[in-house]
Amino acid sequence: MDWLYILMPIAGVKIFWPGLIILGIGVGIIGGFFGMGGAWMVTPGLNILGFPMAFAIGTDIAHMAGKSLISTMRHGKFGNVDYKLGMIMLIGTVVGFEVGAQMIMWLERLGAVEKTVRFLYLILLAFIAWMVFHDVAKRRQKQQEALKAGREVDKLATGIEWHKTFHKIKIPPMIHLKVAGIYCSAWLPIIVSFLTGWLAGILGIGGGLIRMPALIYIIGCPTHVAVGTDLFEVMISGLYGAATYTYKGRTELVAAIIMLVGASIGAQIGTVATKYIKGYGIRIAFGIAVIGCAVSIVLKMVPMYYPAYRTFFDGASTVVVLGIVAALSFYITVKMVEGAKQEVAAKKASMAKQTGSQV
Amino acid sequence: MTKLWARIAGIAAMIFLSLPDGVFAAGGGDVAPIVIVADTRNLSGIMWWWAELYNESHLYFALVTVALIPIIGVIFGVLADIIMTHIGIDLKSRDLAEH
C-alpha cells in the first residue's frame with residue numbers, strides 16, 4: 001500500500017494522500033457554503049495526517065487561498081460578491097489585524113495571555129451562536145404573527161434587524177453598495193472591518209467566523225452576499241498569509257495542491273448548495289458550526305486544569321471538529337444533489353413542453 | 001529610473017514579507033523559531049527541484065508558491081465549472097431569499 005503515501009519534499013514526512021483529498025473536499029464544502037477559510041478545521045486534520053504543526057498552519061493557509069479563489073469565482077458569477085464592500089473592508093481588516101497582532105505581543109509580555117485569549121474566543125463564539133439562534137427564533141415568531149394576521153413575510157425579511165439602526169447613522173461619505181443593496185455611511189464597514197480584524201488579530205484566527213455574522217447582522221448584507229464577500233476577503237488575506245508563511249519556509253505546496261484537488265470539488269459543491277438552501281438554512285448550519293468550534297476549544301482547555309488527561313481531551317477535540325466537518329459536509333452535499341436533481345428535471349420538463357408545443 | 005523602481009519594488013516586497021508571523025494565520029498560534037532544510041537525497045525530478053529551490057532561496061520559493069496557488073485555483077475552478085455546466089446546473093443565476 002506504499003502508493004497511497006507520498007513523501008513531502010519540504011517537511012520530509014510521508015503522508016496518506018487520499019486523506020488530504022478527503023480533508024480538502026470537506027473543508028472546501030464548508031468554506032464555500034459559509035464563506036470562511038476554516039483553518040480551525042484543517043489544522044487538526046493535517047496534524048492527524050502526520051504534518052508537523054509548523055507546516056500544518058502554512059500549508060492550510062496556502063490551500064485556503066486557492067480554495068477561496070475557486071469559491072469566490074463561483075459566488076462572483078452568482079452575483080454574491082460585493083467587491084466594493086470587500087475592498088473597503090479589506091483596508092479596515094488589515095489595519096485592525098495588525099493592531100490586534102501587536103496588542104497580543106504586548107499582552108504576552110504581561111504573561112498569562114493564552115488563557116485570556118481562549119476565554120475571549122469562547123465568549124465571542126457563544127455570543128455569535130446566541131445571535132444566530134435568537135435571530136432564527138425571532139424570524140419564526142415574525143412569520144407566525146404574519147400568518148395569524150393573514151399577511152406574508154417578505155422573502156428578504158430577517159429576525160434581528162440591528163443593521164437598520166446602524167444605517168440611520170449618516171456620517172459622510174455615504175456609499176451605495178449595489179450588490180448588497182445597502183446605502184450607509186462608509187464608516188460603518190470600515191469600523192466593523194477594523195473591529196473584526198482586530199479581534200481576529202488578538203485571537204490568532206483568519207476572521208471568517210467573526211466577519212460573516214458581522215456582515216449579516218451589523219452591515220445588513222443578505223446571507224448569500226455575506227458569504228461571497230467574506231470569501232473574497234479570505235482569498236486575498238489567504239494569499240497574503242501564504243506569502244508570509246512560505247517566505248518563512250513553512251508551507252508544503254505539494255500537500256496544498258493535493259488538498260486543492262479535493263477542495264476544488266468541495267468548494268463547488270458548497271457554493272452551488274447556497275443556490276438551493278435559503279439564507280436561514282445557511283445561518284442555522286453556521287450556528288451549529290460555531291457551537292462545534294466552541295466545544296472543541298472547551299475540550300482543548302480542559303487539560304490546562306487536568307494535565308493528566310491531555311491525550312484524551314486533545315483526541316476528543318479533534319474527533320468533535322472532524323465529526324462536525326463530516327456531518328455538515330454530508331448535509332450540504334445531500335441538499336446540493338437534491339437541488340441540482342430538481343433543477344435538471346425542471347429544465348428537461350420545460351424543454352419537453354416546448355418541443356411538444358412546437359410539434 | 002528603472003533602478004529606482006526596482007529599489008522601490010524591492011523595499012515594498014521586503015516590507016510585505018517581513019510583517020508579523022501571525023498575519024491572517026488562522027487558528028494556529030506561533031510558528032516555532034527553527035530553520036528547516038529539505039532533505040533532497042530521496043527525491044527525484046520535479047520534487048527534487050522543488051526541494052532544492054526551497055533550500056536555495058525562500059524568497060524565490062515564496063514567489064513561485066504565491067504565483068502557483070491562484071493559477072492552480074483558476075485551473076481547478078474552470079475544470080469544475082465545465083463539469084457542473086455539463087451536468088446541466090445553471091451557474092449564472094440564483095434566487096436571493098432568506099427563507
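The second largest cavity of this predicted model has a volume of about 30 Å³. In total, two cavities of 30 Å³ or more are counted. The residues that line the second largest cavity are A:Val132, A:Met212, A:Pro213, A:Ile216, A:Tyr217, A:Arg283 and A:Phe286. Two elements of chain A, α8 (208-219) and α11 (279-305), each give two or more residues to this lining. Of the elements, α8(A) gives the most, with four residues. By class, six residues of the lining are nonpolar, one is charged and none is polar.

The second largest pocket has a volume of about 390 Å³. Its lining consists of 22 residues, and those nearest the centre of the pocket are A:Phe166, A:Val192, A:Leu195, A:Ala214 and A:Ile218. At least two lining residues come from each of α5 (113-148), α6 (162-167), α7 (187-203) and α8 of chain A. Here α7(A) gives the most, with eight residues. The lining of this pocket has 20 nonpolar residues, two polar residues and no charged residues.

The table sets out the two spaces by volume, leading element and lining class.

| Space | Volume | Element giving the most to the lining | Lining by class |
|---|---|---|---|
| Second largest cavity | about 30 Å³ | α8(A), four residues | six nonpolar, no polar, one charged residues |
| Second largest pocket | about 390 Å³ | α7(A), eight residues | 20 nonpolar, two polar, no charged residues |

The next topic is the interface between the chains. The size of an interface is often given as the accessible area lost when the parts come together. Between chain A and chain B, the buried area is about 6,200 Å², and carbon and sulfur atoms give 68% of this area. Chain A brings 79 residues to the contact, while chain B brings 58 residues. Two salt bridges are counted between chain A and chain B.

One salt bridge joins A:Lys77 and B:Asp81, whose closest N and O atoms are 2.8 Å apart. In chain B, B:Asp81 belongs to helix α3 (residues 58-87). B:Asp81 counts as buried because its relative accessibility is 12%, and the cut-off for buried is under 20%. When neighbours within four places in sequence are left aside, the residues in contact with B:Asp81 are A:Arg74, A:Lys77, A:Gln268 and B:Leu91. A:Lys77 is thus named both among the contacts of B:Asp81 and as the salt-bridge partner of B:Asp81.

Notes:
Residues are numbered from 1 along each chain as its sequence is written. Chains are lettered from A and ligands numbered from 1 in the order in which they are written. This is a predicted model: local features need pLDDT of at least 70, side-chain atom pairs count only at pLDDT 80 or more; totals for chains, interfaces and linings use all residues. Side-chain values use heavy atoms; hydrogens and water are left out. On a 1 Å grid over the protein atoms alone, a cavity is a set of points where a 1.4 Å probe fits but cannot get out, and a pocket is an open set with protein on both sides within 12 Å along at least five of seven lines; lining residues have an atom within 4 Å of a point. Grid points are joined across faces, edges and corners, and a volume is the space filled by probe spheres set on the points. Ala, Val, Leu, Ile, Met, Phe, Trp, Tyr, Cys and Pro count as nonpolar, Asp, Glu, Lys and Arg as charged, and the others, Gly among them, as polar. Buried means under 20% relative accessible area, exposed over 50%, partly exposed in between (1.4 Å probe, protein chains only). Contact means heavy atoms within 4.5 Å. Buried area is the accessible area (1.4 Å probe) that two parts lose on being put together, summed over both. A salt bridge is a side-chain nitrogen of Lys or Arg within 4 Å of a carboxyl oxygen of Asp or Glu.
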